[in-house]
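Here's a walk through a two-chain model, with a look at each chain and at how they meet. Have the structure open while you read.

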Amino acid sequence: METLNFLMQGFEVATRPENLLVALFGAFVGTIVGLLPGLGPINGVALLLPLAFALGLSPETALILLAAVYLGCEYGGRISAILLNVPGDAAAVMTTLDGYPLARQGKAGIALSLSAVSSFIGSMIATCGVVLFAPILANWAVAFGPAEYFVLMIFAIACLGGMVGDKPVKTLMAALIGLALATVGVDSTTGVYRFTFGSVSLSDGIQFVIVVIGFFSVSEVLLMLEKTHNGQKAVKASGRLLFNFKEFCFTFWTMVRSAVAGFVIGVLPGAGATIASAMTYMTEKRMAGPNGKFGDGDLRGLAAPEAANNASACGSLIPMLTLGVPGSGTTAVMIGALTLYNITPGPLLFEQQPDVVWGLIASLFIGNVILLVMNIPLVGLFARMLSVPNWVLVPAITVISMVGVYAVHSTTFDLVLMIGLGVFGYILRKLDFPLSALILGFVLGELMEDNLRRALSISAGDLNILWGSPISLCLWALTALMLALPGLRWWRSRRAAQLANA
Amino acid sequence: MYVRLFAASWLLFCAVLAVIAWGFQAPFAYDPVGPRAYPLLLLSLMSAGSLWLVIKPGLLEQTLNTRAAVRAVLCVLALLAYALLFEVLGFVISTTLATFALGLLFTGRPLPCAISAVLMGVLLYSLFDYLLDVPLPLGLFEAFVES
């Protein structure tokens, strides 16, 4: 009952004219950013974050904007996946498998509208999940002390290593680099300057906006240099533009199942939309058995990943809001945004800033409706965006990035630093280091050190406090499990190979 | 091979940073940990990771393509020039020059690139400065605008 009251209060916040306008704008921009190949939700949120700050938006409005962009990206990624066979963002890779064949069969209109509805159902189910579970988890999280927090963050990072799978060492390395970048600047407890190399500009640390834009926008520009997909033509949407009732019924349970699975995966720290969509696609494929036409345009193969990636995007907001620990790269950026406003996400957020939390949750509902309404009729307009040539698009991204960074401190140093980080990010990406782990590490860095030191201050330096409580012991056990996962998988695949050879 | 190279140089870098980090000492002890332990912990973990990658770099499909590398270097140079000239020339001129150069680099034809560059310089300036209230440097135009 109390939750319902809060939700009504949230709707009141979310339906304020400026917030509605911002949600509409965010949804539109998000869809465009999502459908442009190479640009994903992190880029969208990163590009708009400095703008939101420079515009002087209130924290709840800024957060609504970023959440709308996040959701919009998950909607937009499917358009280029279906029409171009190029995933608009990483989570849409699975959508290409069945979406593009459908488009080739002249069913592009059906594929686009059905995937929009899957996205809608996925997000809606997950948002309901957020309403139900976020307050519970927040109540529970109040019991967390600094020691438990520290272990929780270690768990989040271990999750990344365990879930991203094939390259755990590189993932953990990327997270460590992020953590190390966060130590630059003056140490908040003792006032000692660390890794500033005598530079005044570095004394209050590397600004979050610079890190995000450098690592994601600048390195993306460099990556785009290599792939000029100008030769590819989008499939024209023709024939029936809307799916019929039978097709909807056929895929309905797939959507619901995938949404629930996607939500659960999204809540786990570290595992994001990409894993959710891949897992649900595989599950549906196995469930359908030989009857399915998976890979040649099965509608279920389209509905499953789309429902799952949207659901996990919403689900990843739960650890962000309740624990202050991001569940994905994009929510890591959003936590950074909150800290720019001097709001520390965590269990107390629900008590101290109910407007922000519930306004955000209510805006997810509204944003979803806006996106569904926008996506079905306007899909033609969005598809036309795909024909914007790179020689216009890339310079525009560059200029917006520059302005975003310049708006923070107005110094040339920041611009050069951004490019430096961008080049570093480009090298890391070429070497297969996942940058979302890096950004997660960067966001967690300060929190992690603070909590560690606070915990050890409480215990006067006794390390036993780190495994003194049942919660932290449990988290350590989960961490160990996560770290063991890649080894286990490697062992299983080797055994399977041996059995196959025998 | 490249991973090995990177990991090895990162290992060296960690060592240098560790030497620097060794010097972080607070004049008074505010807490039992101090400013030095945590960075050193991270550096040692990173060194362990780098060592692992030096020994077992894993497979990497990337190969170095000379043409792509040259273009990447040109792109970085253009970006650097843009960043350094941003305040000197002002937003409008530096943006026009940079977007023109980047457009050419991304296989645009000269004339359309020039047109889009000028448009972007002027339009984005008015968008950010007037509509969105983001202050941008005027640079060379400063003399013409009385404020």
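How many helices and strands does chain B have? Chain B has five helices and zero strands. Keep in mind throughout that this is a predicted model.

## Chain B: helices, spread out

Read from the N terminus, the elements of chain B go α-α-α-α-α. With a radius of gyration of 24 Å, well over the 15 Å that the globule rule gives for 147 residues, chain B is more spread out than a compact globule. Its C-alpha trace covers about 55 × 50 × 20 Å along the principal axes. Buried residues come to 34% of the 147 residues in chain B.

The chain is split into domain 1 (2-55) and domain 2 (66-143). Taken over C-alpha atoms, the centres of these two domains of chain B are 38 Å apart. As for contacts in chain B with a separation of 6 or more, 60% of them link residues 24 or more positions apart.

## A stop at Leu60(B)

Leu60(B) sits in the loop between α2 and α3 of chain B. Is Leu60(B) buried or partly exposed? There are 13 other C-beta atoms within 10 Å, and being buried takes 20 or more while being exposed takes 12 or fewer, so Leu60(B) is partly exposed.

Which residues does Leu60(B) contact, leaving aside its neighbours within four places in sequence? In chain A they are Leu431(A) and Asp432(A), and in chain B they are Tyr2(B) and Val3(B). Leu41(B), on the other hand, is 19 residues away along the chain, and its C-alpha atom is separated from that of Leu60(B) by 29 Å.

## Chain A: helices plus two strands

Chain A has 20 helices and two strands. The radius of gyration of chain A is 22 Å, close to the 23 Å that the globule rule gives for 502 residues, so chain A is as compact as a globular protein of that length. Along the principal axes, the C-alpha trace of chain A spans about 70 × 55 × 55 Å.

Of the 502 residues in chain A, 61% are buried. Look at contacts in chain A with a separation of 6 or more, and 79% of them join residues 24 or more positions apart.

## Two helices worth a look in chain A

Start with α4(A), which covers residues 59-84. Its 26 residues should span 38 Å at 1.5 Å a residue, and the end C-alpha atoms are 37 Å apart, which agrees. Since 25 of the 26 residues are buried, α4(A) is largely enclosed by the rest of the structure. Right after α4(A) comes Asn85(A), which has a positive phi, near 65°.

Next is helix α6 of chain A (residues 146-164), home to Ala147(A). Ala147(A) has 25 C-beta neighbours inside 10 Å; 20 or more is the mark for buried, so Ala147(A) counts as buried. Beyond its neighbours within four places in sequence, Ala147(A) contacts Ala455(A), Ile465(A), Leu466(A), Gly468(A), Ser469(A) and Ser472(A). Thr274(A) is 127 residues from Ala147(A) in sequence and 31 Å from it in space, C-alpha to C-alpha.

## The nonpolar core

The largest nonpolar core has 216 residues, and the ones with the most contacts inside it are Leu66(A) and Met153(A). Helix α5 (residues 93-141) of chain A provides the largest share of this core, with 21 residues. Chain B joins in too: domain 1 (2-55) and domain 2 (66-143) of chain B each give the core at least three residues.

What does Met153(A) touch, not counting residues up to four places away in sequence? The list is Val325(A), Leu444(A), Leu447(A) and Met448(A).

## Where the chains meet

At the interface, 53 residues of chain B are in contact with 51 residues of chain A. On the chain B side, α1 (2-22), α2 (34-55), α3 (66-89), α4 (91-105) and α5 (110-131) each supply at least two residues.

Which helix gives the most to the side of chain B that touches chain A? That's α3(B), with twelve residues. By type, the residues on this side of chain B are 39 nonpolar, ten polar and four charged.

Definitions and conventions. Residues numbered from 1 in each chain as written. Chains lettered and ligands numbered in written order. Predicted model: local features only at pLDDT ≥ 70, side-chain atom pairs only at ≥ 80, totals over all residues. Core = buried A, V, L, I, M, F, W, Y, C linked by C-beta atoms within 7 Å. Helix = DSSP H or I, 4+ residues; strand = E, 2+ residues; numbered from the N terminus. Domains from an automatic or database assignment. Contact = placed C-beta atoms within 7 Å. Nonpolar A, V, L, I, M, F, W, Y, C, P; charged D, E, K, R; others polar. Rg over C-alpha atoms; globule rule 2.2 N^0.38 Å. Expected span 1.5 Å × (residues − 1).
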